[in-house]
Amino acid sequence: MVAPPGFEPRSGGPEPPMLDHYTTGLCVAPKSASVFFIFSVRRQTRRFFYKKTQLSHHDLEMPLWSELTHGNFKEIACKTEVVVMVTGALEAHGKHLPLGTDTILPESLGTQIAKRTNALVLPAIPFGESWSFDQYDGTISIQSDVLTGYYESVMTAIFKHGFHYIVALNGHGGNDPILRQAARKATQEGERTVVIVNWWRDLAKSVRELVEETPGGHAAEDETSEAMHVRPDLVDMTVAEAHRIETKFTIVSGAYRKDLLPSAVYGDPRKASGEKGKAIMEQAEKELLELINQLEQGQLPVEKTRFQP
Ligand SMILES: [Zn+2]
């Protein structure tokens, strides 16, 4: 293990190779640090010297990775452990929603996060794995092996800068297994963790149950409501159609993709409203802030169940 400058390595067994803000040279610990922190753990030390994220405080109006320079990157990056990687898709979403819906929604959440925390938010990756929809005009689907390598490269590059946590804020179901695969590869070494947030099903569950009249699906009531809240100018409810093709088994067929997902809709978007979308998005934002705050404290978002003996 390579210790941060001025620090004693932890005693005990062999440790995995470590890349963090110190070993990458991104952040420099003050020279007197060893006097106070001989027994300390790296992260606690870093928290002491570089003020951590407080939900009530942030240093930049919007810490978007793409808006920093290589000159001020260090100063901003040393204040956080968390990078938000937004992944979306460019695919058909009925006649009433834009092709970029799966990118626009998580990107909007990411922008809110950037305003309220020190977590660094990356530009959204606009393409995803959209095989099921690529018979529809305007869809661009990336091959899963290409996308796995792409996600892994982005994750590895983030970790090389010394961050410990990536929140993969995902807006598209087809990306989920690919993100998992990429994350497994990118977190093999060191203290690296990827938390995949499939936001439409992991966040704001209680509010969804409260406001939705019809179950969610694709380009359905929930997604349409969210789009009406975030980009009402891009939603045309006059052409919204409801479809729901049910199958007992999982049918995979290149030839019948459009028949299985008519107009790329699964559900009833006609019940959507901007108010419902607002309620869902605001709760989702709140839960995301909680997650990022937890990660900044070095805690994984796990719930332990204690079984009775
Ligand atoms: Zn979608």
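**Exercise 1: The nonpolar core**

Find the residues with the most contacts inside the largest nonpolar core of this predicted model, and name the element that gives the largest share.

*Solution.* Start with the core itself, which has 65 residues. Within this core, the most contacts belong to Val-82, Val-83, Val-84, Met-155, Ile-166, Val-167 and Leu-169. Next, look at where the core residues come from: helix 11 gives the largest share, seven residues. As background, nonpolar side chains tend to be buried together in soluble globular proteins.

**Exercise 2: A closer look at Val-83**

Decide whether Val-83 is buried or exposed, then list what it touches.

*Solution.* First, locate the residue: Val-83 sits in strand 1. Now count its surroundings. There are 24 other C-beta atoms within 10 Å of Val-83, and a residue is called buried at 20 or more. Val-83 is therefore buried.

Then turn to its contacts. Leaving aside residues up to four places away in sequence, Val-83 touches Ala-119, Leu-120, Leu-122, Ile-158, Phe-163 and Ile-166. Under the same condition, Val-82 touches residues including Ala-119, Phe-163, Ile-292 and Leu-295.

Finally, consider a pair that is far apart along the chain. Val-83 and Ile-292 are separated by 209 residues in sequence, while their C-alpha atoms are 9.2 Å apart in space.

**Exercise 3: Building the sheet**

Work out the strand order of the open sheet and trace the partners of Ile-166.

*Solution.* Begin with the order: the four strands are arranged 2-1-3-4, with parallel pairing. At the edges are strand 2 (120–121) and strand 4 (193–198), each pairing on one side only.

Now take strand 3 (residues 165–170). Six bridges join strand 3 to strand 4 in the parallel sense, and six bridges also join strand 1 to strand 3, again parallel. Ile-166 shows both pairings: Val-83 stands opposite Ile-166, and the bridge partner of Ile-166 in strand 4 is Val-194. Further along, Ala-168 has Ile-196 as its bridge partner in strand 4.

**Exercise 4: Inside strand 3 and across it**

Explain why strand 3 counts as largely enclosed, and describe the helices that lie across it.

*Solution.* Check burial first. Six of the six residues of strand 3 are buried, so the rest of the structure largely encloses this strand. Then sort these residues by direction: Tyr-165, Val-167 and Leu-169 point one way, and Ile-166, Ala-168 and Asn-170 point the other way. In a regular strand, side chains alternate between the two faces of the sheet.

Next come the helices. Helix 5 (residues 144–160) lies across strand 1 (82–87), strand 3 and strand 4, at about 165° to strand 1. Helix 6 (residues 176–186) lies across strand 1, strand 3 and strand 4 too, at about 170° to strand 4. To finish, follow the chain from strand 3 through helix 6 to strand 4: together they make a right-handed β-α-β unit.

**Exercise 5: Checking helix 4**

Compare the expected span of helix 4 (residues 101–116) with the model, and find what covers its buried residues.

*Solution.* At 1.5 Å a residue, the 16 residues should span 22 Å; the end C-alpha atoms are 23 Å apart, which agrees. Twelve of the 16 residues are buried, so helix 4 is largely enclosed by the rest of the structure. Among them are Ile-104, Leu-105, Leu-109 and Ile-113. The cover over these buried residues includes strand 1, strand 2, strand 3, helix 7 (199–202), helix 9 (221–230) and helix 11 (274–296).

Terms used
Residues numbered from 1 in each chain as written. Predicted model: local features only at pLDDT ≥ 70, side-chain atom pairs only at ≥ 80, totals over all residues. Pairing = 2+ DSSP bridges. Helix = DSSP H or I, 4+ residues; strand = E, 2+ residues; numbered from the N terminus. Contact = placed C-beta atoms within 7 Å. Axes fitted to C-alpha atoms, helices over the stretch in contact; angles between N-to-C directions. Right-handed = clockwise from strand over helix to strand, strands pointing away. Expected span 1.5 Å × (residues − 1). Core = buried A, V, L, I, M, F, W, Y, C linked by C-beta atoms within 7 Å.
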